Amino acid sequence: MLLSAKKLPTVSRYLIGAGLALFALMLQIGVAAIVGNRIPFLLFIPSVALAAAVLGTGPAAIVLLTGFLYGCSLFPLDTLHAGSFRDQLSLGLFVVVGVFFIYVGGKMRAMVNRALDAELALLNEKLARERADDERLRQLYQQVRSSEERYRNLFDSMDQGFCVIDVIFNDAGVAVDYRVLEMNPAGIAIYGLGDVVDKTIKEVVPHIGSYWIDTYAKVALTGRPVRFENQAQSSGRWFEGYATRVGDADSRKVALLFTDVSVRKENEARLRRLAADLSEVDRRKTEFLAVLAHELRNPLAPIRSGLDILKLSGSNPQMVERMRDMMDRQVTHMVRLVDDLLDIARINGGKIDLKKERVSLQSVMSAAVEANAPLIESARHRLYVVMPDESVEVTVDPTRMVQVLGNLLNNAAKYTPAGGRIDLSAVRDGDQIVISVEDNGVGIPEASLPFIFDMFNQVGRNMDLSHGGLGIGLSLVKRLVELHDGSIGVTSGGTHSGGSIFTIRLPLSAPLQADALPAAGVAAPLRTDTFKILVVDDNADAAQTLASLLEFKGHSIRVANDGVEALEVVEDWIPEVGLIDIGMPNLNGYELAQALRKNPALDHMALVALTGWGAETDRAMSKEAGFVEHLTKPVDFDAIEAVLDRLGKPTPRYPTAPTSASRN
Ligand code: ADP
């Protein structure tokens with residue numbers, strides 16, 4: 001009440017004071033009517049005190065004045081100064097007491113007001129504090145809410161699995177299970193066990209491996225986080241993750257961040273296998289180099305001895321013939337090794353060019369037998385050949401197919417002890433032809449069969465190198481057969497002379513219309529012409545040997561050991577044929593050919609390239625440079641003779657060459 005009175009405006013306080021004065025006056029008049037005017041200020045004194053205490057000095061003065069006037073009204077004014085002393089005393093006392101009350105009331109009111117102000121200030125302060133607390137709480141609530149939202153967003157949208165689990169221990173303190181308290185959608189997807197939230201893991205995977213429970217229990221007990229990577233026995237999948245305890249030391253809750261790394265693990269395993277395979281290939285290559293060195297030295301030794309013998313024996317014709325035959329055999333063997341190597345390199349580099357044509361299978365088989373007859377005969381093997389009765393045609397590169405069959409026959413002869421049996425047969429099977437090469441030789445161990453067509457693979461190579469081979473023949477055969485859309489397989493009766501059977505399947509050519517069949521082969525007439533030939537090779541020995549052979553055949557020869565020398569030779573000697581090596585210093589074969597073509601005097605000169613490179617692109621380059629023939633080294637003398645046979649004389653060799661035409 002005091003508080004509210006203090007707050008009242010001044011006018012209201014005065015009005016209330018006047019009202020109080022009026023009220024006290026009325027009451028006093030009423031009291032006077034009952035008990036007379038013996039106590040005329042009875043009600044005014046407390047009213048003054050009340051007004052002074054509550055309403056302030058001014059309103060209290062109004063009450064006092066009202067009482068004083070009331071007192072005066074009791075004592076006629078004219079008698080007041082002459083009234084009884086008691087009346088005057090009474091009036092005076094009333095005024096004194098009233099003033100005293102006003103004074104004391106004023107003081108009290110001031111005190112009360114101060115106390116009230118202090119209390120009010122305290123209340124305000126408290127209120128402000130509470131408001132600040134409220135605001136802080138509100139902000140905290142907001143922060144918690146947005147943090148909760150962030151957590152939820154992260155929880156729901158992360159692509160790693162996240163869950164919180166509660167590890168369950170038995171009475172003996174041993175971890176036996178865990179309950180999933182929460183898990184994000186990615187986690188549920190990665191787990192792949194449906195909704196596991198609120199379930200224990202053993203309810204979902206009864207035979208879960210102890211690794212998981214033990215790992216999480218350790219984290220819960222020690223508080224030390226762990227990274228883990230392990231395979232789930234139940235699903236075979238690999239998981240990688242991070243586990244950390246949530247809460248204080250008493251907490252048994254563990255938060256898990258995990259992801260399925262099965263694909264990565266598979267890739268790692270594949271890479272490891274690949275690395276192992278690569279090192280196996282590397283090992284085989286290293287072995288292969290040793291074998292290669294050995295195999296190349298093998299024929300070189302008898303050739304060198306043969307040369308020594310030739311020097312010593314002079315012109316003993318029998319000895320010369322024997323040595324020549326021996327050298328021919330050894331060189332043929334070396335050429336075959338080098339050819340195989342080149343072929344493998346070409347196939348690996350995708351540079352092999354098959355010149356497929358429609359040929360009779362019988363002719364291919366005969367050529368292969370013919371090529372291997374000396375080896376088969378020298379080992380006294382019996383060879384049985386069974387060909388289809390009717391003519392069978394295949395669309396193959398005949399040279400390559402002869403090489404394939406020849407290789408198999410060669411192996412059969414090599415890996416069969418002397419006096420063995422070799423069967424070459426071809427039978428028709430629907431629209432395929434099945435060719436098999438069978439021997440009763442040493443056979444192939446079962447364990448080696450799956451790898452027999454791998455490169456550099458030789459069964460028991462380190463035991464016996466005397467067969468002479470590089471371990472690439474079968475690999476080459478397989479690739480060539482596959483390039484012909486065919487397949488090859490092998491069976492063997494084992495290593496106790498069980499022999500081996502290699503079986504090739506090739507697609508047959510579709511039958512031809514009778515009138516489309518080619519006319520019976522017309523043999524090219526053999527030419528007996530002799531030529532003026534310029535031999536250009538930076539390998540002086542090779543150039544000289546070839547020159548000697550050509551001279552022996554009646555040709556007239558000049559030799560140059562590089563392009564510049566060749567250009568000097570043609571200044572005063574016009575050759576008809578140039579046998580030109582391609583890889584030479586200073587001026588290579590292509591450049592020399594271009595230079596020769598610019599000389600109009602040499603328009604009738606036919607250029608033949610002799611090179612180690614025989615891919616289609618190399619042939620195209622030599623044609624572009626002006627060569628009419630392209631022979632790959634090592635060149636067989638028969639091949640050179642065949643080229644010379646093909647060259648007629650004196651037909652112009654470059655009738656359409658723009659450079660020579662412009663010179664004319
Ligand atoms: P190379 O004969 O040069 O060693 P190949 O690739 O032709 O290489 O053969 C690989 C290996 O396969 C040979 O070293 C040999 O051990 C085995 N092999 C091939 N053909 C036969 C066969 N007819 N009989 C027994 N073993 C064979």
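Biologist: Let's start with Asp485. Where is Asp485 found?
Modeller: Asp485 sits in the loop between H14 and S11. Bear in mind that this is a predicted model.

Biologist: Sure. Is Asp485 buried or exposed there?
Modeller: Exposed: the relative accessible area of Asp485 is 60%, and the cut-off for that class is over 50%.

Biologist: And what is the phi of Asp485?
Modeller: Positive, about 60°, although Asp485 is not a glycine. Most residues other than glycine have a negative phi.

Biologist: Where else should I look for a positive phi outside glycine?
Modeller: Try Arg380, with a phi near 55°. Arg380 lies in the loop between helix H12 (361–378) and strand S7 (382–386). Arg380 counts as exposed, at 60% relative accessibility.

Biologist: Which residue is in contact with Arg380 from farther along the chain, leaving aside neighbours within four places?
Modeller: Gly419 is in contact with Arg380, and also with Ala379, His381 and Arg382. Gly419 belongs to the loop between helix H13 (398–414) and strand S9 (421–429).

Biologist: How far apart are Gly419 and Arg382, in sequence and in space?
Modeller: They are separated by 37 residues in sequence, and by 6.9 Å in space from C-alpha to C-alpha. As for exposure, Gly419 counts as partly exposed, with a relative accessibility of 33%.

Biologist: Back to H14, then. Which residues of H14 are buried?
Modeller: In helix H14 (residues 473–483), the buried ones are Gly473, Leu474, Ser475, Leu476, Val477, Leu480 and Val481.

Biologist: What do the buried residues of H14 pack against?
Modeller: Two helices and two strands: helix H11 (317–348) and H13, plus strand S11 (487–492) and S12.

Biologist: Zooming out, how many helices and strands does the protein have?
Modeller: The secondary structure comes to 20 helices and 17 strands. Of the 664 residues in the protein, 38% are buried. Taking contacts between residues at least 6 apart in sequence, 65% join residues at least 24 apart.

Biologist: What about confidence: what is the average pLDDT?
Modeller: The protein averages 84, and 89% of the residues score at least 70.

Biologist: Where is confidence lowest, and where is it highest?
Modeller: Helix H20 (residues 658–663) is lowest, at a mean of 30, while strand S12 (residues 500–507) is highest, at 96. Residues 649–664 have pLDDT below 50, and beyond near neighbours in sequence that stretch makes 34 contacts in the model. Residues 513–528 are also below 50, and that stretch has seven contacts beyond near neighbours in sequence.

Biologist: OK, new topic: aromatics. How many aromatic pairs does the structure hold?
Modeller: Twelve. In one of them, Phe44 and Phe94 meet edge-to-face, with 6.3 Å from centre to centre and 70° between the planes.

Biologist: Which helices do Phe44 and Phe94 lie in?
Modeller: Phe44 is in helix H3 (residues 44–54) and Phe94 is in helix H6 (residues 85–157), so this pair ties together parts that are 50 residues apart in sequence. Phe44 is buried, at 0% relative accessible area, and Phe94 counts as buried too, at 2%.

Biologist: Why is the pair of Trp212 and Phe228 edge-to-face?
Modeller: Because the planes of Trp212 and Phe228 are at 90°, with ring centres 5.8 Å apart; edge-to-face needs over 60 degrees. This pair links distant parts of the chain, with Trp212 in helix H9 and Phe228 in strand S3 (residues 226–231), 16 residues apart. Trp212 and Phe228 are both buried.

Biologist: Which residues form one aromatic cluster with Trp212 and Phe228?
Modeller: Tyr178, Tyr211, Tyr216 and Phe239 join Trp212 and Phe228 in that cluster.

Biologist: Let's finish with pockets. What is the volume of the second largest pocket?
Modeller: About 280 Å³. It has 18 lining residues, and the closest to its centre are Tyr191, Leu193, Ile208, Ala232 and Phe239.

Biologist: Phe239 again! How do the lining residues of that pocket divide by type?
Modeller: The lining of the second largest pocket has 13 nonpolar residues, four polar and one charged. Helix H9 (210–222) and strand S5 (253–260) each supply at least two of the lining residues.

Key
Residues numbered from 1 in each chain as written. Predicted model: local features only at pLDDT ≥ 70, side-chain atom pairs only at ≥ 80, totals over all residues. Heavy atoms only, no water. pLDDT = per-residue confidence, 0-100. Helix = DSSP H or I, 4+ residues; strand = E, 2+ residues; numbered from the N terminus. Contact = heavy atoms within 4.5 Å. 1 Å grid on protein atoms, 1.4 Å probe; cavity = no way out; pocket = protein on both sides within 12 Å on 5 of 7 lines; lining within 4 Å. Points joined across faces, edges and corners; volume = space filled by probe spheres on them. Nonpolar A, V, L, I, M, F, W, Y, C, P; charged D, E, K, R; others polar. Phe/Tyr/Trp six-rings, centres within 6.5 Å; stacked < 30°, edge-to-face > 60°. Buried < 20%, exposed > 50% of the residue type's maximum accessible area, 1.4 Å probe, protein only.
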